[in-house]
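The following exercises are meant to be worked through with the coordinates open. Each task sentence is followed by a solution that proceeds step by step.

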Amino acid sequence: MEKNIALIYGDCASPEIVTQAVRVLDKIAEKHGHTFTYTRAYMGGEAIDKFGDPLPQAELDKCRAADSVLLGAIGGPKWEGLPGDQRPEKGLLRLRAGMGLYSNNRPARIWPQLADASPLKKQIVDRGIDFIVVRELIGGVYFGEHKTFHQDGELKAVDTMPYTEHEIERIGRIGFETAMKRRKKLTCVDKANVLDTSRLWRRVLEQLAGEYPEVEFSEMFVDNAAMQICKDPSQFDVIVTENMFGDILSDEASEITGSIGMVPSSSLGATSCGLYEPIHGSAPDIAGQDKVNPIACILSAAMMLRYSFGMAAEADEIEAAVSAVLDEGLRTADIMQEGCRLIGCTAMGDAILAKL
């Protein structure tokens, strides 16, 4: 099989992890007779430095023309003083919108080898952590109107959170379809006691639930959900929620698994062309030191093989290789445990390649 992958190496420590993910992809291609070609695309801080724009149209066009996109992470102190519409994160929002990627899927899964790294009590972890946050990605407050103006002698800022029925219906359907492939439980997370948008979310999700009678459907306010994720994550299977709530809850969910350095994500729309990235940031404090954990980026590449390319067996091989390396006690600094051996980013890539 031949696939063209757009690579966005990203900022700070990010190129180090993307490099290891590409090594793994090349090994998979060699083993299974695939051909992966790579198109270099620029977004975020490196695009600002190169073009003065966090996502030039030509770079977006490269991503849209590819079979899928693999991204590291963007941003860093160097670009923090820029105006809002010129910051690296603006490029990521434009990339998601430009590719029509309305569904962000973040699994929260505890690797048994890292159970002790979870900040939760052992009796909570032992009940299991294995759920997925399905987050609407190109609507809501992040894409609404933003303005700051003077009123009555002081500055006032306004951010709007718009949603339409069809935006909610399409992400809700992905949530129900995901639940059908898992444990058939879905929780709609909102703030329907306050927000009109949340009440619309409930109305649409309740209608969809009628099409999926096998799925156990429930609703939960976002503040309670944030607490329940820490109190008893085993109760969740699929969480469906809007953009900002999903951003916050998926970060919380990743932390209870032990390290954000282990969590991949996928962003998908109406086609198989997706954006795959680790959920962590660009780690500017350890850039260039060969310390960053490449596993989340490598697992993101595995998700790309599984969900965009239909290569489930190859994705299984990568995940099994990661598990085998963890079994051997090899750890980067973020997941280091007593009795294990500390290694760097490149050595972790070497170890995973050896298992493949």
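A crossing of two helices is called right-handed if the near helix is turned clockwise from the far one by less than a right angle, and left-handed if it is turned anticlockwise. The model used throughout is a predicted one.

**Exercise 1. Determine how α1 and α12 are oriented to each other, state the hand of their crossing, and list the residues that make the contact.**

Step 1. The axes of α1 and α12 come within 10 Å and cross at roughly 15 degrees.

Step 2. Angles under 35 degrees count as roughly parallel, and α1 and α12 are therefore roughly parallel to each other.

Step 3. With the definition given above, the crossing of α1 and α12 is right-handed.

Step 4. On the α1 side the contact is made by Glu 16, Ile 17, Gln 20, Arg 23, Val 24 and Lys 27, and on the α12 side by Cys 345, Thr 346, Gly 349, Asp 350, Ile 352 and Leu 353. Sorted by class, these residues of the contact between α1 and α12 are five nonpolar, three polar and four charged.

**Exercise 2. Describe the packing of α10 with α11 in the same terms, and give the composition of the contact by class.**

Step 1. The axes of α10 and α11 come within 7 Å, and they cross at roughly 160 degrees.

Step 2. Since angles over 145 degrees count as roughly antiparallel, α10 and α11 are therefore roughly antiparallel to each other.

Step 3. The crossing of α10 and α11 is left-handed.

Step 4. From α10 the contact draws on Ile 295, Ile 298, Leu 299, Ala 302, Leu 305 and Arg 306, while α11 brings Ala 312, Glu 314, Ala 315, Asp 316, Ile 318, Glu 319, Val 322 and Leu 326. By class, the contact of α10 with α11 has ten nonpolar, no polar and four charged residues.

**Exercise 3. Decide which orientation class applies to α1 and α11, and identify the residues through which they touch.**

Step 1. α1 and α11 pack at an angle of about 130 degrees, and their axes are 11 Å apart.

Step 2. That angle makes α1 oblique to α11, and α1 passes α11 in a right-handed crossing.

Step 3. Val 24, Ile 28, Lys 31 and His 32 of α1 make the contact with Glu 314, Glu 317 and Ile 318 of α11. These residues of the contact of α1 with α11 divide into three nonpolar, one polar and three charged.

**Exercise 4. Find which residues touch the most other members of the largest nonpolar core, and which elements supply that core.**

Step 1. The largest nonpolar core has 47 residues, and Leu 305 and Ile 352 touch the most other members.

Step 2. At least two residues of this core are supplied by each of β1 (2–8), α1 (14–32), α10 (295–307), α11 (312–327) and α12 (345–355). The largest share, nine residues, comes from α10.

Step 3. Leaving aside its neighbours within four places in sequence, Leu 305 is in contact with Leu 25, Ile 28, Phe 36, Gly 310, Met 311, Glu 314, Ala 315 and Ile 318.

Step 4. Apart from this core lies another, of 21 residues, among them Phe 176, Cys 188, Leu 205 and Val 240.

**Exercise 5. For Val 133 and Gln 228, establish whether each is buried or exposed, and trace the contacts of each beyond its neighbours within four places in sequence.**

Step 1. Val 133 lies in strand β5 (residues 130–136), and Gln 228 lies in helix α8 (residues 222–231).

Step 2. Because buried means under 20% relative accessible area, Val 133 is buried with a value of 1%, and Gln 228 is buried with a value of 13%.

Step 3. Outside the neighbours within four places in sequence, Val 133 is in contact with Asn 104, Asn 105, Arg 106, Ile 239, Thr 241, Gly 246 and Ser 250. Val 133 and Pro 107, 26 residues apart in sequence, have C-alpha atoms 6.3 Å apart.

Step 4. With the same neighbours left aside, Gln 228 is in contact with Met 220, Pro 233, Gln 235 and Phe 236.

**Exercise 6. Locate Ala 283 and Asp 290, and give the value of phi for each.**

Step 1. Ala 283 is in the loop between β12 (275–278) and α10, and Asp 290 is also found in the loop between β12 and α10.

Step 2. Although Ala 283 is not a glycine, it has a positive phi of about 50 degrees. Phi of Asp 290, likewise a residue other than glycine, is positive and near 60 degrees.

Step 3. Asp 290 is partly exposed, with a relative accessible area of 32%.

Technical notes
Residues are numbered from 1 along each chain as its sequence is written. This is a predicted model: local features need pLDDT of at least 70, side-chain atom pairs count only at pLDDT 80 or more; totals for chains, interfaces and linings use all residues. Side-chain values use heavy atoms; hydrogens and water are left out. A nonpolar core is a set of buried Ala, Val, Leu, Ile, Met, Phe, Trp, Tyr and Cys residues joined through side-chain atoms within 4.5 Å. Buried means under 20% relative accessible area, exposed over 50%, partly exposed in between (1.4 Å probe, protein chains only). Helices (H or I, at least four residues) and strands (E, at least two) are DSSP runs, numbered from the N terminus. Contact means heavy atoms within 4.5 Å. Axes are lines fitted to C-alpha atoms, for helices over the stretch in contact, and angles run from 0 to 180 degrees between N-to-C directions. Angles under 35 degrees count as roughly parallel, over 145 as roughly antiparallel, 65 to 115 as roughly perpendicular and the rest as oblique. Ala, Val, Leu, Ile, Met, Phe, Trp, Tyr, Cys and Pro count as nonpolar, Asp, Glu, Lys and Arg as charged, and the others, Gly among them, as polar.
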